[in-house]
Amino acid sequence: MTSEARSGEPLHVVHRDVSPQNVLVGFDGHVKLIDFGIARSAVREELTRVGQLVGKLRYVSPEQARGEPVNGATDVWATCVTACELLTGERFWGARTAEAVAPLLAIGERVEPAGLAGLDGDIQVALRAGLNPEASQRPSAAKLRDLLRALADKRGLCEPAAQTR
């Protein structure tokens with residue numbers, strides 16, 4: 001968790017634009033999230049107006065699409081959308097246009113992305129949890145990270161002692 005240098009208090013940073021374009025993978029395999037241009041935090045003055053949508057529509061969460069307050073659950077949603085696309089090779093919303101995606105997000109329609117059913121059952125469970133239309137029902141980012149790391153460890157895909165960066 002990121003904290004304010006002087007007080008040590010959590011900043012509660014919400015990226016608000018997690019998408020494949022903002023994820024880099026280094027030669028060492030570490031994943032980096034970039035472009036915090038529209039991020040908000042506890043110490044940064046809110047620059048967007050209430051109800052103003054920021055982020056890429058195909059990756060925004062239902063609450064973000066409705067213009068509601070956002071928190072870490074918003075980034076969990078976008079992370080799971082991005083992961084679905086990376087793991088399945090399919091667009092999360094398929095061929096739907098932005099005009100077709102917006103109302104589905106606004107009503108909180110549960111979506112079954114193309115290719116998800118073809119993934120390992122444990123991965124499906126983790127991604128479906130992060131794609132819950134109700135923000136309060138999604139796992140925290142730390143819980144999702146721990147779950148995915150445990151799945152990767154179980155399959156020998158990463159070092160068990162890997163540190164969070």
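**Helix α2 and the core around it**

Apart from neighbours within four places in sequence, L131 is in contact with W77, C80, V81, C84, F92 and R110. The model shown here is predicted, and this set of contacts is a useful way into it. W77, C80, V81 and C84 are among the buried residues of helix α2, which is the element to follow from here.

Helix α2 covers residues 72–88. At 1.5 Å a residue, its 17 residues should span 24 Å, and the C-alpha atoms at its ends are 24 Å apart, so the expected span and the model agree. At the N-terminal end, N71 acts as a cap: a side-chain oxygen of N71 lies 2.8 Å from the backbone nitrogen of A73. Just after the helix, G89 takes a positive phi of about 75 degrees.

How much of α2 is buried? Of its 17 residues, 12 are buried, so the helix is largely enclosed by the rest of the structure. The buried residues are A73, T74, D75, V76, W77, A78, C80, V81, T82, C84, E85 and T88. Their cover includes α1 (62–65), α3 (98–107), α4 (121–130) and α5 (141–154).

Two threonines of this helix show what such burial looks like at single residues. T82 lies in helix α2, and it counts as buried because its relative accessible area is 5%, under the 20% cut-off. Leaving out residues up to four places away in sequence, T82 touches V18, S19, P20 and Y59. T88 is also placed in helix α2. With the same kind of neighbours left out, T88 touches A114, G115, L116 and L119. The side chain of T88 has polar contacts as well. One of its polar atoms lies 2.7 Å from the backbone oxygen of C84, and a polar atom of this side chain lies 3.1 Å from the backbone nitrogen of E90.

The next topic is the nonpolar core. In soluble globular proteins, nonpolar side chains tend to be buried together. Here the largest nonpolar core has 22 residues, and the members that touch the most other members are W77, F92, W93, L127 and L131. Helices α2, α3, α4 and α5 each supply at least two residues of this core. The largest share, 6 residues, comes from α2. L131, where this account began, is in contact with both W77 and F92.

Which aromatic residues pair up? Ring pairs link W77, F92 and W93 into a cluster. The count of aromatic pairs comes to 2. In one of them, W77 and F92 are edge-to-face, with 6.2 Å centre to centre and 70 degrees between the planes. W77 lies in helix α2 and F92 in the loop between α2 and α3, so this pair ties together parts that are 15 residues apart in sequence. W77 has a relative accessible area of 1% and is therefore buried. F92 is counted as buried because its relative accessibility is 3%. F92 also forms an edge-to-face pair with W93, at 5.2 Å centre to centre and 80 degrees between the planes. W93 is buried too, since its relative accessibility is 2%.

To sum up, α2 is largely enclosed and supplies the largest share of the core. Through W77, helix α2 is also part of the aromatic pair with F92 in the loop between α2 and α3.

Technical notes: Residues numbered from 1 in each chain as written. Heavy atoms only, no water. Helix = DSSP H or I, 4+ residues; strand = E, 2+ residues; numbered from the N terminus. Expected span 1.5 Å × (residues − 1). Buried < 20%, exposed > 50% of the residue type's maximum accessible area, 1.4 Å probe, protein only. Contact = heavy atoms within 4.5 Å. Polar contact = N/O pair within 3.5 Å; in protein donor to acceptor, adjacent residues only side chain to side chain. Core = buried A, V, L, I, M, F, W, Y, C linked by side-chain atoms within 4.5 Å. Phe/Tyr/Trp six-rings, centres within 6.5 Å; stacked < 30°, edge-to-face > 60°.
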